[in-house]
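Biologist: I would like to go through this model with you and ask how each label was earned. Could you bring it up for us?

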Amino acid sequence: MKKVILSLVASTLLFNTVFAEELEVLENNEEATQVVENTTKEIVLTSNEDVKTYVAKIGEVKYETLDEAINNASNSDTIELLDNTTITVGEIKKGHTVTIKGNGFKITVPRQDNQEHGYLAIRGTLNLYNTKIYFTRTTKGETDWSTYLAPGSFFNLYNSEAIYENIGIYADAVATINLDNSKMTLSNMKYTSMMSDGSFSVLNIKNKSTFTISKPMDINGITGFNINVDNSTLNIEDCKNQAIVYGSLKLTNNAKVNITNCTTGINLYNTNEVIVDGTSELNISKCGERAIISQSKYTALIVKKGGKLNVTECGKDWKKTDDESIHYASKGVITMGVLGWLESRQKLYIYRGQAVINFEDGAIINITNNYVRGITFSGANAYIGNTTTITNNGGERVAVGGGIYNLYGKMTISKDAKIYNNHANTSSDDIYNSGNSASVEFTKTGEDWILDDCNDKIDGWYDDNKKTRWNAHDKENKYVEEVEANTYETELTIKAAHGIYGKLIIRYVDNKGNVLSKELTYTEKVDTEYTTTEKEFEDYSLIKVDGETKGKYIDGTIIVTYIYEFTSGTGGDIVETGVTSSNVLEITTVLSLIALVSTIIIRKRFN
């Protein structure tokens with residue numbers, strides 16, 4: 001028994017000696033990492049059993065807060081997220097670059113209480129990779145923004161997503177936002193979604209990115225940014241004022257921009273341009289007043305060959321009762337060079353500058369089905385290319401020029417451009433040229449155009465002035481004055497329409513009233529010359545003609561009847577059917593021979 005007890009004691013002492021170090025570590029719980037199910041956080045137990053949670057790291061150094069990691073990062077460091085987290089650091093300092101690899105985790109940015117205005121101030125550069133960042137501010141004061149971008153700062157998203165609700169972005173001069181294969185959404189804005197003051201800031205949307213502004217509650221979508229959309233999509237909808245104002249918009253490499261249900265789509269100021277390259281598409285629809293307006297000196301709207309511009313269902317907020325002394329030239333869904341109104345002075349304010357419109361040949365332009373005119377132009381040069389369609393615009397809301405109103409400048413309308421079936425209340429349904437330092441050049445109407453007033457074929461341009469509107473159908477008020485396709489520097493009020501047409505019927509009968517040939521019917525414009533000719537019929541001789549064999553078409557029907565007399569044989573009462581009296585004997589002989597042969601064959605079969 002003694003031996004057994006001594007053996008147990010010896011074993012115990014040996015175990016304690018060998019594993020003394022490991023037991024001490026477990027008992028003190030110093031930096032023993034435990035795996036906690038259903039979380040990616042790293043949790044560390046301390047000697048007094050406090051829990052540490054790490055949400056970010058730089059290299060192998062871990063941090064409990066993202067703020068701590070940002071404050072300890074150098075410009076060359078990359079902060080890697082270990083879990084969802086928040087930013088309350090207040091600012092990215094000037095000259096400082098913060099790069100975050102998000103690993104798909106979410107960063108929430110609440111009000112930054114250590115900043116005077118509560119926004120996240122980016123004064124240096126913030127780079128986000130594979131990160132979702134969410135801005136949650138809910139109140140709006142005069143200087144309240146979710147993000148502030150200082151002059152020269154950068155906010156870059158790579159394969160990431162930024163979500164703003166209620167309050168958006170303010171940028172000082174020459175700040176830059178870059179989206180690369182990323183998404184940015186601003187919704188339910190209480191004020192302008194994005195604003196930049198001073199010199200233009202830059203918004204680059206590239207590499208299959210999507211930028212969306214939806215349901216802003218007031219003011220504008222984007223103000224003061226030069227916007228470049230490359231192989232990406234920009235969507236702006238439901239702005240109570242302007243979708244894009246004070247900045248250029250350039251679409252390249254299969255870009256697509258959609259603007260809908262705003263009061264104004266795009267408002268250009270000095271040096272601003274809209275340029276759509278040959279692979280891209282700009283769509284503007286359902287804007288209350290205008291799709292595009294430009295003001296001040298040089299502005300441009302350019303669509304390259306192959307590019308697309310679609311403007312439809314705009315202008316619904318204009319009224320027929322709007323004072324035409326103020327708004328006479330401003331009711332164009334594309335209005336280049338005209339501010340439109342100045343309520344305090346009760347007059348139209350016109351910026352006659354160097355505005356340019358260039359719809360290149362081959363650019364697919366559709367300005368259709370709008371409540372007011374298609375284009376108002378007051379600038380330097382406008383070129384309307386051969387694949388432009390301006391139809392079904394205007395109506396009772398616009399007084400003059402339902403399709404085009406050329407107030408100032410030189411406008412050239414290419415062959416095959418389709419401008420017809422527009423409407424105006426007082427004159428010039430399709431094109432108005434003021435003659436006040438304005439010139440317009442145009443060619444013939446298309447051969448397949450049909451006039452929606454009457455479903456008749458359009459055959460040319462006609463005067464359509466406010467005293468006497470074009471009218472080819474009202475017998476008491478007909479007015480049809482054709483206008484030659486040409487270049488005009490005088491006032492011009494025209495409509496693509498048709499002339500008054502007359503009918504010519506030519507008949508061929510004998511003196512007994514038998515029809516010798518099917519009558520011929522022709523329809524041509526009044527005053528077009530016509531000539532009829534006699535037909536020859538075997539065994540018939542012409543004895544007289546009722547009607548004028550030559551003349552001009554009239555507003556009515558002309559009937560010319562050629563009357564013949566049978567001169568040989570036993571005919572005289574046969575309507576021409578291809579069988580005449582001269583071949584009756586031959587036909588009878590042939591039929592008799594056929595009957596005889598048939599009789600012989602039948603007899604042989606039955607014998």
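**Labels and their reasons**

Modeller: Happy to, and let's begin in a loop: Asn 130 sits between strand 12 (125-129) and strand 13. Please keep in mind that this is a predicted model.

Biologist: Why is Asn 130 called partly exposed?

Modeller: Its relative accessible area is 35%. Buried would need a value under 20% and exposed one over 50%, so Asn 130 falls in between and counts as partly exposed. Its phi is near 50°, a positive value in a residue other than glycine.

Biologist: What makes Lys 286 partly exposed?

Modeller: The reasoning runs along similar lines. Lys 286 has 40% relative accessibility, and the band for partly exposed lies between 20% and 50%, so the label fits. This lysine belongs to the loop between strand 31 (281-285) and strand 32, and its phi, near 60°, is positive in a residue other than glycine.

Biologist: Let's move on into strand 32. Why is Ser 294 called buried?

Modeller: Ser 294 is part of strand 32, residues 290-294. Its relative accessible area is 0%, and buried means under 20%, so the serine is buried.

Biologist: And what makes the pair Ser 294 and Thr 299 a polar contact?

Modeller: The two side chains come to 3.0 Å. The cut-off for a pair of N or O atoms is within 3.5 Å, with one atom able to donate a hydrogen and the other able to accept it, so this pair qualifies as a polar contact.

Biologist: How do you know that Ile 227 is buried?

Modeller: Ile 227, in strand 24 (residues 225-230), has a relative accessible area of 0%. Buried means under 20%, so Ile 227 is buried. Ile 227 and Val 274 are 47 residues apart in sequence, with their C-alpha atoms 9.6 Å apart in space.

Biologist: Now the strands. How do you know that strand 13 pairs with strand 10 and with strand 16?

Modeller: Two strands pair if there are at least two bridges between them. Strand 10 (residues 106-109) and strand 13 share 4 bridges in the parallel sense, and strand 13 and strand 16 (residues 161-165) also pair parallel over 4 bridges, so both pairs pass the test. Phe 135 takes part in both: it is the bridge partner of Val 109, and its own partner in strand 16 is Tyr 164.

Biologist: Which residues of strand 13 make up its covered face, and which its uncovered one?

Modeller: In strand 13 (residues 132-135), Ile 133 and Phe 135 form the covered face, while Lys 132 and Tyr 134 form the uncovered one.

Biologist: What makes strand 22 mostly covered?

Modeller: Of the 5 residues in strand 22 (residues 210-214), 4 are buried. Strand 22 pairs in the parallel sense with strand 19 (residues 183-187) over 5 bridges, where Met 184 stands opposite Phe 211. Another 4 bridges join strand 22 to strand 25 (residues 233-237), again parallel, and there Thr 210 stands opposite Thr 233.

Biologist: There is also an open sheet of 4 strands. Why are strand 49 and strand 51 said to stand at the edges?

Modeller: The strand order is 49-48-53-51, with mixed pairing. Strand 49 (515-525) and strand 51 (540-546) each have a single partner strand, so one side of each is left without a neighbour in the sheet. The twist averages 15° from one strand to the next. Strand 51 pairs with strand 53 (residues 557-566) in the antiparallel sense over 6 bridges, and Tyr 540 has Phe 566 as its bridge partner.

Biologist: Last, the empty spaces. What lines the largest pocket?

Modeller: The largest pocket, about 260 Å³ in volume, is lined by 14 residues, with Lys 444, Thr 445, Gly 446, Glu 447 and Asp 448 nearest its centre. That lining divides into 3 nonpolar, 3 polar and 8 charged residues.

Biologist: How many cavities of 30 Å³ or more are there?

Modeller: The search of the whole structure finds 1. The largest cavity holds about 50 Å³ of space, and its lining includes Ile 413, Phe 442, Lys 444 and Trp 461. By class, the residues lining this cavity are 5 nonpolar, 2 polar and 1 charged.

Definitions and conventions:
Residues are numbered from 1 along each chain as its sequence is written. This is a predicted model: local features need pLDDT of at least 70, side-chain atom pairs count only at pLDDT 80 or more; totals for chains, interfaces and linings use all residues. Side-chain values use heavy atoms; hydrogens and water are left out. Helices (H or I, at least four residues) and strands (E, at least two) are DSSP runs, numbered from the N terminus. Axes are lines fitted to C-alpha atoms, for helices over the stretch in contact, and angles run from 0 to 180 degrees between N-to-C directions. On a 1 Å grid over the protein atoms alone, a cavity is a set of points where a 1.4 Å probe fits but cannot get out, and a pocket is an open set with protein on both sides within 12 Å along at least five of seven lines; lining residues have an atom within 4 Å of a point. Grid points are joined across faces, edges and corners, and a volume is the space filled by probe spheres set on the points. Ala, Val, Leu, Ile, Met, Phe, Trp, Tyr, Cys and Pro count as nonpolar, Asp, Glu, Lys and Arg as charged, and the others, Gly among them, as polar. Buried means under 20% relative accessible area, exposed over 50%, partly exposed in between (1.4 Å probe, protein chains only).
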